[in-house]
Structure formats: structure tokens, C-alpha cells
Amino acid sequence: VSAVLAAAVACQVVMLALLDPIGLLWPFADLGMSVLTKYGLHLPMSRANESEADATGLRICARAGFDPRLAPEFLERMLEAESSTGASGPSWNSTHPATADRAA
């Protein structure tokens, strides 16, 4: 994870050095890069980490004697609750995978 972030910062510095040699556009580029970093790196990695946490949680539940095959039913109920309250948003703007994707 830290290697990916270091590469992103290095890429940002190189791009700014090439595209803005006198440094006038640095504040605007910095804002744009932070948005690109958020939606291109941080959120996708966070969703991947949450998917891994789901798998780990299912293994822990299985060891504790719960049937992990019932997890999709739980997630379906959670999806129904989200739908009735309007709590779900677009998955590309979330730190967690969409509940529908988790239930599949």
C-alpha cells in the first residue's frame, strides 16, 4: 500500500515538473491530483481491503460454529434495509463495496 502511494506522489511530482516548470499552477494541480488519488487509489484499495475483511469475517464465523453460507441472506436483508432508507450511494464513491456486490 505504501509503495503504491509513494509511486502516486512521485508521479504527481514528475507531472508537475514537466507541465508546470515555473510553479504557477501547483495549487490547482495539487487539488486535482488529490481527487485523482482519492478516486483512483484510496477508495479502490479501501474497497479491496473491506472485501478481504468480509472473507476473514466469514472464516471467523465458521470457526465459531456459524454457517457462513447464510451470509448472503443477511446481506440481502441489509440491502433491503438500505433500499428502504435510501442509505446506499454509488459504489465508486464509497470506502466499502456495494452491498449488492457483497451479497453476490
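**Exercise 1: The largest pocket**

Find out how much space lies in the largest pocket of this predicted model, and which residues line it.

*Solution.* Start with the volume: about 200 Å³ of space lies in the largest pocket. Next, look at the lining, which is made up of Asp-54, Leu-58, Pro-68, Ala-71, Pro-72, Phe-74, Leu-75, Met-78, Arg-102, Ala-103 and Ala-104. The elements that give two or more residues to this lining are α2 (26–63), α3 (71–85) and α4 (99–103). With five residues, α3 gives the most. Finally, sort the lining residues by character: nine are nonpolar, none are polar and two are charged.

**Exercise 2: The length and sides of α1**

Compare the span of helix α1 with the expected value, then work out how its buried residues are arranged around the axis.

*Solution.* Helix α1 runs over residues 2–19 and has 18 residues. At 1.5 Å a residue it should span 26 Å, and its end C-alpha atoms are 26 Å apart, so the two values agree. Now turn to burial: Ala-8, Gln-12 and Leu-16 are buried in α1. These residues cover an arc of only 65° around the axis, which means that they sit on the same side of α1. The face turned away from that buried side carries the exposed residues Ala-3, Ala-17 and Leu-18.

**Exercise 3: The same steps for α3**

Repeat the analysis for α3, from its span to its buried face.

*Solution.* From its first C-alpha to its last, the 15 residues of α3 reach 21 Å, close to the 21 Å expected at 1.5 Å a residue. The buried residues in α3 are Ala-71, Leu-75 and Glu-82. Seen down the axis, the buried residues fall within an arc of 30°, so they line one face of α3. On the face turned away from the buried side you will find exposed Arg-77, Glu-80, Ser-83 and Ser-84. Step just past the end of α3 and you meet Gly-86, which takes a positive phi of about 70°.

**Exercise 4: Three residues and their surroundings**

Is Thr-99 buried or exposed? Is Leu-43 buried or exposed? How exposed is Leu-58? For each residue, list its contacts, leaving aside neighbours within four places in sequence.

*Solution.* Take Thr-99 to begin with, which is found in helix α4. Thr-99 has a relative accessible area of 6%, and because buried means under 20%, Thr-99 is buried. Leaving aside its neighbours within four places in sequence, Thr-99 is in contact with Leu-75, Met-78, Leu-79 and Glu-82.

Next comes Leu-43, which has its place in helix α2. With a relative accessible area of 7%, Leu-43 is buried. Not counting residues up to four places away in sequence, Leu-43 touches Lys-38, Trp-92, Asn-93, Ser-94 and Thr-95. You can also check a distance here: Leu-43 and Pro-97 are 54 residues apart along the chain, and their C-alpha atoms are separated by 9.7 Å.

Leu-58 is found in helix α2. Its relative accessibility is 35%, so Leu-58 counts as partly exposed. Leaving aside its neighbours within four places in sequence, Leu-58 is in contact with Pro-68 and Ala-71. Leu-58 and Ala-71 are 13 residues apart in sequence, and 7.8 Å apart in space from C-alpha to C-alpha. To link back to Exercise 1, Leu-58, Pro-68 and Ala-71 are among the residues that line the largest pocket.

Definitions and conventions:
Residues are numbered from 1 along each chain as its sequence is written. This is a predicted model: local features need pLDDT of at least 70, side-chain atom pairs count only at pLDDT 80 or more; totals for chains, interfaces and linings use all residues. Side-chain values use heavy atoms; hydrogens and water are left out. On a 1 Å grid over the protein atoms alone, a cavity is a set of points where a 1.4 Å probe fits but cannot get out, and a pocket is an open set with protein on both sides within 12 Å along at least five of seven lines; lining residues have an atom within 4 Å of a point. Grid points are joined across faces, edges and corners, and a volume is the space filled by probe spheres set on the points. Helices (H or I, at least four residues) and strands (E, at least two) are DSSP runs, numbered from the N terminus. Ala, Val, Leu, Ile, Met, Phe, Trp, Tyr, Cys and Pro count as nonpolar, Asp, Glu, Lys and Arg as charged, and the others, Gly among them, as polar. The expected span of a helix is 1.5 Å times one less than its number of residues. Buried means under 20% relative accessible area, exposed over 50%, partly exposed in between (1.4 Å probe, protein chains only). The arc is that of the directions from the helix axis to the C-beta atoms. Contact means heavy atoms within 4.5 Å.
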